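Hi,

Here is the structure I promised to pass on to you. Have a look at it first, and then read my notes below.

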Amino acid sequence: MSREERNTYTIKDDAHMGEIKIADEVVSIIAGLAAMEVDGVASMAGNATRELISKLGMRSLSKGVKVDVLEGIVTASLALNLKYGYSIKTITAKVQEKVKASIENMTGLEVADVNIRVAGVEIPEEV
């Protein structure tokens, strides 16, 4: 199994102290964790390969998240499974706000877009 290519981005370059680089997977993890903190989000949705890897125990915190960073500007795309009974419009707006704030606060990168794809709705068994 080949290892995915990791992109890194310089978030600080100081001649006296050195530079700070961040991997794109770190930005993905921040986005995924922020999304999961929003009430109404059941889980992240991933592609079939990531779902299989998850079942085998190699859980990825960035499952269902894709980030692109170009010249310090981030575009994030998240695939989510939501809980039944919640407003999709309200939850997705909260996720967008939370993901944007988390990435900007933790990395200093600017977030241009947070795109959400609702992949499914998790229905409780008693409904």
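What follows is a short tour of some strands and helices.

One thing before we start: this is a predicted model.

Let's begin with the strands. Strand 1 (residues 8–14) and strand 2 (residues 18–23) run antiparallel and are joined by 6 bridges. To get from strand 1 to strand 2, the chain goes through a hairpin of 3 residues. If you want to find the pairing yourself, start at Lys12, whose bridge partner in strand 2 is Ile20. You can also look at Asp13, which stands opposite Glu19 of strand 2.

Now go further along the chain. Strand 5 (residues 73–83) pairs with strand 6 (residues 110–122) in the parallel sense, and 11 bridges link them. Here Ser77 is a good place to look, as its bridge partner in strand 6 is Asn115. Together with helix 3, strands 5 and 6 form a right-handed β-α-β unit.

That brings us to the helices. How do helix 1 and helix 3 cross? The axes of helix 1 (residues 24–36) and helix 3 (residues 88–107) come within 8 Å, with a crossing angle of roughly 140°. The two helices are therefore oblique to each other, and their crossing is right-handed. On the helix 1 side, the contact is made by Val27, Ile30, Ala31, Ala34 and Ala35. Helix 3 brings in Val95, Lys98, Val99, Ser102, Ile103, Met106 and Thr107. Sorted by class, that contact has 9 nonpolar, 2 polar and 1 charged residues.

Have fun clicking around!

Cheers

How values were computed:
Residues numbered from 1 in each chain as written. Predicted model: local features only at pLDDT ≥ 70, side-chain atom pairs only at ≥ 80, totals over all residues. Heavy atoms only, no water. Axes fitted to C-alpha atoms, helices over the stretch in contact; angles between N-to-C directions. Helix = DSSP H or I, 4+ residues; strand = E, 2+ residues; numbered from the N terminus. Parallel < 35°, antiparallel > 145°, perpendicular 65-115°, else oblique. Left-handed = near helix turned anticlockwise from the far one by under 90°. Contact = heavy atoms within 4.5 Å. Nonpolar A, V, L, I, M, F, W, Y, C, P; charged D, E, K, R; others polar. Pairing = 2+ DSSP bridges. Right-handed = clockwise from strand over helix to strand, strands pointing away.
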